[in-house]
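This report walks through one protein model, topic by topic. Please keep the structure open while reading.

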Amino acid sequence: MIFDPLGCDFDPAMLSCKTGQSEGCIAPEKVAAIKKAFAGPKNAYGTQIYPGFLYDAGITMTGFAPGLLVLGSNGLFGPYTTATEIDVEREALHASDPLVEPASTNLSTFSGNGGRLIFFHGDSDPWFSPLDTLEYYKSLAVSNGGADKVAQWSRMFLVPGMAHCGGGPALDHFDMLSAVVNWVEKGTAPDLVIATGQAFPGRSRPLCPYPKHAQYMGAGDTQDAKNFRCQ
């Protein structure tokens with residue numbers, strides 16, 4: 001389980017096959033494809049059009065929402081495309097259509113009236129990058145008085161291994177509803193949210209608000225959330 005994905009400096013090239021090697025490695029052309037895909041799309045000028053994806057333990061998972069490195073046969077909306085090319089310029093133009101209302105980052109009225117907002121996103125969501133949600137969360141600081149001010153009414157939680165809203169090799173059972181209710185009604189900000197899951201019976205971990213992440217304190221049962229802290 002990778003609780004600090006933004007601090008993970010994994011490079012697929014370290015698994016690239018050397019000359020004469022064919023097992024226990026990845027072909028160089030596949031390494032190049034993986035790195036390009038995970039970096040996210042760019043236009044002809046090299047400008048990032050959509051955020052990349054995280055290298056996370058769930059990228060090879062199977063099931064309802066297969067990970068980024070697993071090609072299933074059918075998705076929620078029908079058969080997966082087998083296209084190997086996409087017109088990034090056209091798709092970027094469509095996404096920036098003036099008729100499409102951009103997400104507002106000035107939530108001063110919401111927060112000023114006691115609103116509390118919690119985001120969470122699975123690190124192995126194969127449909128929408130968690131970095132996209134994180135970019136929006138970070139952009140709130142620009143329009144709302146800085147990161148410390150935003151943290152007084154909004155928190156962002158990344159969930160290791162989790163797919164789209166759930167599933168994957170993850171602790172995907174957690175109660176964000178009670179967290180936001182307690183924040184609104186009792187003034188108790190969620191400094192952590194305990195997570196469990198069927199993928200790892202008997203294991204619990206604290207989910208931590210960005211930019212903190214769970215770290216083992218060095219003593220006690222490594223399966224018990226109480227022996228971890230957010231820092």
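## The β3–β4 pairing

Strand β3 (residues 117-122) runs parallel to β4, and six bridges link the two. Across this pairing, Phe-120 stands opposite Phe-157 in β4. The model is a predicted one.

How many of the six residues of strand β4 (residues 154-159) are buried? Six of the six are, so the strand is largely enclosed by the rest of the structure. In a regular strand, side chains alternate between the two faces of the sheet. In β4, Ser-154, Met-156 and Leu-158 point one way. Arg-155, Phe-157 and Val-159 point the other way. Both sets are buried, and Arg-155 is included in that.

## Overall layout

The protein has 231 residues, and 36% of them are buried. Its secondary structure comes to six helices and eight strands. Read from the N terminus, the order is α-β-β-α-α-β-α-α-β-α-β-β-β-β. The C-alpha trace spans about 60 × 55 × 30 Å along its principal axes.

## Aromatic pairs

The count of aromatic pairs comes to eight. One of them joins Phe-38 and Tyr-55. Their ring centres are 4.7 Å apart and their planes differ by 10 degrees, so the pair falls under the 30 degrees that count as stacked. Phe-38 lies in helix α1 (residues 28-39), whereas Tyr-55 lies in the loop between α1 and β1 (74-75). The pair therefore ties together parts that are 17 residues apart in sequence. Phe-38 is buried at a relative accessible area of 7%. Tyr-55 is buried too, at 19%, where the cut-off for buried is under 20%. Phe-10 joins Phe-38 and Tyr-55 in one aromatic cluster.

A pair with another geometry links Tyr-216 and Phe-228: the centres are 5.4 Å apart and the planes stand at 50 degrees, so this pair is tilted. Tyr-216 belongs to strand β7 (residues 214-216) and Phe-228 to strand β8 (residues 228-230). The contact therefore ties together parts that are twelve residues apart in sequence. Is each partner buried or partly exposed? Tyr-216 is partly exposed, with a relative accessible area of 35%. Phe-228 is buried, with 13%.

## A charge over a ring

Phe-200 has a charged neighbour. Arg-203 lies over the face of its ring, at 4.2 Å from the ring centre.

## The loop between α1 and β1

Besides Tyr-55, the loop between α1 and β1 holds Phe-53 and Leu-68. Phe-53 counts as buried, with 17% relative accessibility. Which distance in space separates Phe-53 from Leu-131, 78 residues apart in sequence? The C-alpha to C-alpha distance is 6.8 Å.

Leu-68 counts as partly exposed, at 33% relative accessibility. Leu-54 is 14 residues from Leu-68 along the chain. Their C-alpha atoms are separated by 9.8 Å.

## The second largest pocket

About 290 Å³ of space lies in the second largest pocket. The lining has 14 residues. Closest to the centre are Tyr-137, Ala-147, Ala-151, Tyr-210 and Pro-211. Two elements each give two or more residues to the lining: α4 (130-143) and α5 (147-150).

What is the make-up of the lining by class? Nine residues are nonpolar and five are charged. There are no polar residues in the lining.

## Backbone exceptions

Most residues other than glycine have a negative phi, and most peptide bonds are trans. Two sites here depart from that pattern.

Tyr-210 and Pro-211 are joined by a cis peptide bond, with omega about 10 degrees. Pro-211 sits in the loop between β6 (205-207) and β7. Both residues also belong to the group closest to the centre of the second largest pocket.

Cys-165 has a positive phi, near 75 degrees, and is a residue other than glycine. Cys-165 lies in the loop between β4 and α6 (176-186). At 62% relative accessibility, Cys-165 counts as exposed, because the cut-off for exposed is over 50%.

How values were computed:
Residues are numbered from 1 along each chain as its sequence is written. This is a predicted model: local features need pLDDT of at least 70, side-chain atom pairs count only at pLDDT 80 or more; totals for chains, interfaces and linings use all residues. Side-chain values use heavy atoms; hydrogens and water are left out. On a 1 Å grid over the protein atoms alone, a cavity is a set of points where a 1.4 Å probe fits but cannot get out, and a pocket is an open set with protein on both sides within 12 Å along at least five of seven lines; lining residues have an atom within 4 Å of a point. Grid points are joined across faces, edges and corners, and a volume is the space filled by probe spheres set on the points. Helices (H or I, at least four residues) and strands (E, at least two) are DSSP runs, numbered from the N terminus. Ala, Val, Leu, Ile, Met, Phe, Trp, Tyr, Cys and Pro count as nonpolar, Asp, Glu, Lys and Arg as charged, and the others, Gly among them, as polar. Rings of Phe, Tyr and Trp (its six-membered ring) pair if their centres lie within 6.5 Å; planes under 30 degrees apart count as stacked, over 60 as edge-to-face and the rest as tilted. Buried means under 20% relative accessible area, exposed over 50%, partly exposed in between (1.4 Å probe, protein chains only). A charge sits over a ring if NZ of Lys or CZ of Arg is within 6 Å of the ring centre and within 35 degrees of the ring normal. Two strands pair if DSSP finds at least two bridges between them.
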